[in-house]
Amino acid sequence: MRHGQRQRKLGEARRDYSLSVSERKWVFLATATWLAAIAITFSYFGAWPILPFTGLELALLWWALRQIDATTEDFERITLEAELLTIETRRGTLLQRHAFHPYWAQLQFDQPPGQQQRLLIRSHGKEVEVGRWLSEEQKRALGNELKKNLGALRPERTL
């Protein structure tokens, strides 16, 4: 960033999880305890085939919770400088950074049939989706904010 220029963070979005890491561990432990008690009781009365299914259920629950843990640090960040619009995304271990000149960047709302509306930033044949985790109303608000800020960088035309 050059001296005297201001960097403006237009937005940062993160996934919204209802349970923290420690709460997910407690959910797994409580579920495992409950399922183990049921499986042991059934196997005591001769229904031992329930044991492998209980193990499979717990393995799938553990896997699902690990997938959630792997994405807790995901984010999407949009920053704007006088000559650079930057979009940084992290999904799992993949960190991506896309840079556009704000004068040429174009916003587009796209709604494929049967899918949720997408907010795209395009320039010179490159396209990036932003606001992936936002609701449609939030995407519209972000789009309006981006339009306002990108438009402020374009010089007024005089005839």
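The following exchange between a trainee and a mentor walks through a predicted model of one protein.

Trainee: How many helices and strands does the protein have, and what pattern do they follow along the sequence?

Mentor: In this predicted model, the elements can be counted before they are placed in order, and the count comes to 3 helices and 7 strands. Read along the sequence, these elements follow the pattern β-α-α-β-β-β-β-β-β-α.

Trainee: What percentage of the residues in the protein is buried?

Mentor: A residue counts as buried when its relative accessible area is under 20%. Taken over the 159 residues in the protein, the buried share is 27%.

Trainee: Which residues have the most contacts inside the largest nonpolar core?

Mentor: The largest nonpolar core has 15 residues, and the elements that give two or more residues to this core are β2 (75–81), β3 (84–91), β6 (118–123), β7 (126–130) and α3 (136–153). Of these elements, α3 gives the most, with 3 residues. Inside the core, the residues with the most contacts are L85, I121 and V130.

Trainee: Which residues does L85 touch, not counting those up to four places away in sequence?

Mentor: L85 is one of the residues with the most contacts inside the largest nonpolar core, and I121, another of them, is also among the residues that L85 touches. Leaving out residues up to four places away in sequence, the full list for L85 is I78, T79, L80, H98, A99, F100, P102, A105, I121 and L150.

Trainee: In which sense do β6 and β7 pair, and which residue in the turn has a positive phi?

Mentor: The two strands are joined over 5 bridges, and the sense of the pairing is antiparallel. One of the bridge partnerships sets R122 against E127 in β7. The strands form a hairpin with 2 residues between them, and the residue in the turn with a positive phi, of about 50°, is H124.

Trainee: Is L120 buried or exposed?

Mentor: L120 is found in strand β6, where it touches Q106, L107, Q108, D110, E127, V128 and E129, not counting residues up to four places away in sequence. The relative accessibility of L120 is 1%, and the cut-off for this class is under 20%, so L120 counts as buried.

Trainee: How far apart are the C-alpha atoms of L120 and G131?

Mentor: Along the chain, L120 and G131 are 11 residues apart. In space, the separation between their C-alpha atoms is 8.8 Å.

Trainee: Which residue forms a salt bridge with R91, and is that partner buried or exposed?

Mentor: The structure holds 10 salt bridges, and in the one formed by R91 the closest N and O atoms are 3.4 Å apart. This pair links distant parts of the chain, with R91 in strand β3 and its partner E76 in strand β2, 15 residues apart. R91 is partly exposed at a relative accessible area of 23%, whereas E76, at 4%, is buried.

Trainee: Which residue forms a salt bridge with E88?

Mentor: E88 is partly exposed, with a relative accessible area of 21%, and in its salt bridge the closest N and O atoms are 3.3 Å apart. E88 lies in strand β3 and its partner in strand β2, so the pair ties together parts that are 11 residues apart in sequence. That partner is R77.

Trainee: Which residues do salt bridges that share partners join into one network?

Mentor: A useful starting point is the salt bridge in which the side chains of R118 and E127 meet, at 3.9 Å from N to O. Both residues count as partly exposed, R118 at 23% relative accessibility and E127 at 40%. Through shared partners, one network joins D110, R118, R122, E127, E129 and R132.

Trainee: Which residues form a nonpolar patch on the surface?

Mentor: One member of the patch is L56, whose place is in helix α2 (residues 50–70) and which is partly exposed, with a relative accessible area of 49%. Together the members have about 340 Å² of accessible area. The patch is formed by F53, L56 and L60.

Trainee: Where is P49 placed, and how far in space is P49 from A39?

Mentor: The place of P49 is in the loop between α1 (21–44) and α2, and P49 is partly exposed, with a relative accessible area of 38%. P49 and A39 are 10 residues apart in sequence, while their C-alpha to C-alpha distance is 9.1 Å.

Methods:
Residues are numbered from 1 along each chain as its sequence is written. This is a predicted model: local features need pLDDT of at least 70, side-chain atom pairs count only at pLDDT 80 or more; totals for chains, interfaces and linings use all residues. Side-chain values use heavy atoms; hydrogens and water are left out. A nonpolar core is a set of buried Ala, Val, Leu, Ile, Met, Phe, Trp, Tyr and Cys residues joined through side-chain atoms within 4.5 Å. Buried means under 20% relative accessible area, exposed over 50%, partly exposed in between (1.4 Å probe, protein chains only). Helices (H or I, at least four residues) and strands (E, at least two) are DSSP runs, numbered from the N terminus. Contact means heavy atoms within 4.5 Å. Two strands pair if DSSP finds at least two bridges between them. Patches are made of residues with over 30% relative accessible area and no salt bridge: like charges are joined within 9 Å, nonpolar side chains (Val, Leu, Ile, Met, Phe, Trp, Tyr) within 5 Å. Accessible areas come from the Shrake-Rupley method with a 1.4 Å probe; for residues, only the protein chains shown count as cover. A salt bridge is a side-chain nitrogen of Lys or Arg within 4 Å of a carboxyl oxygen of Asp or Glu.
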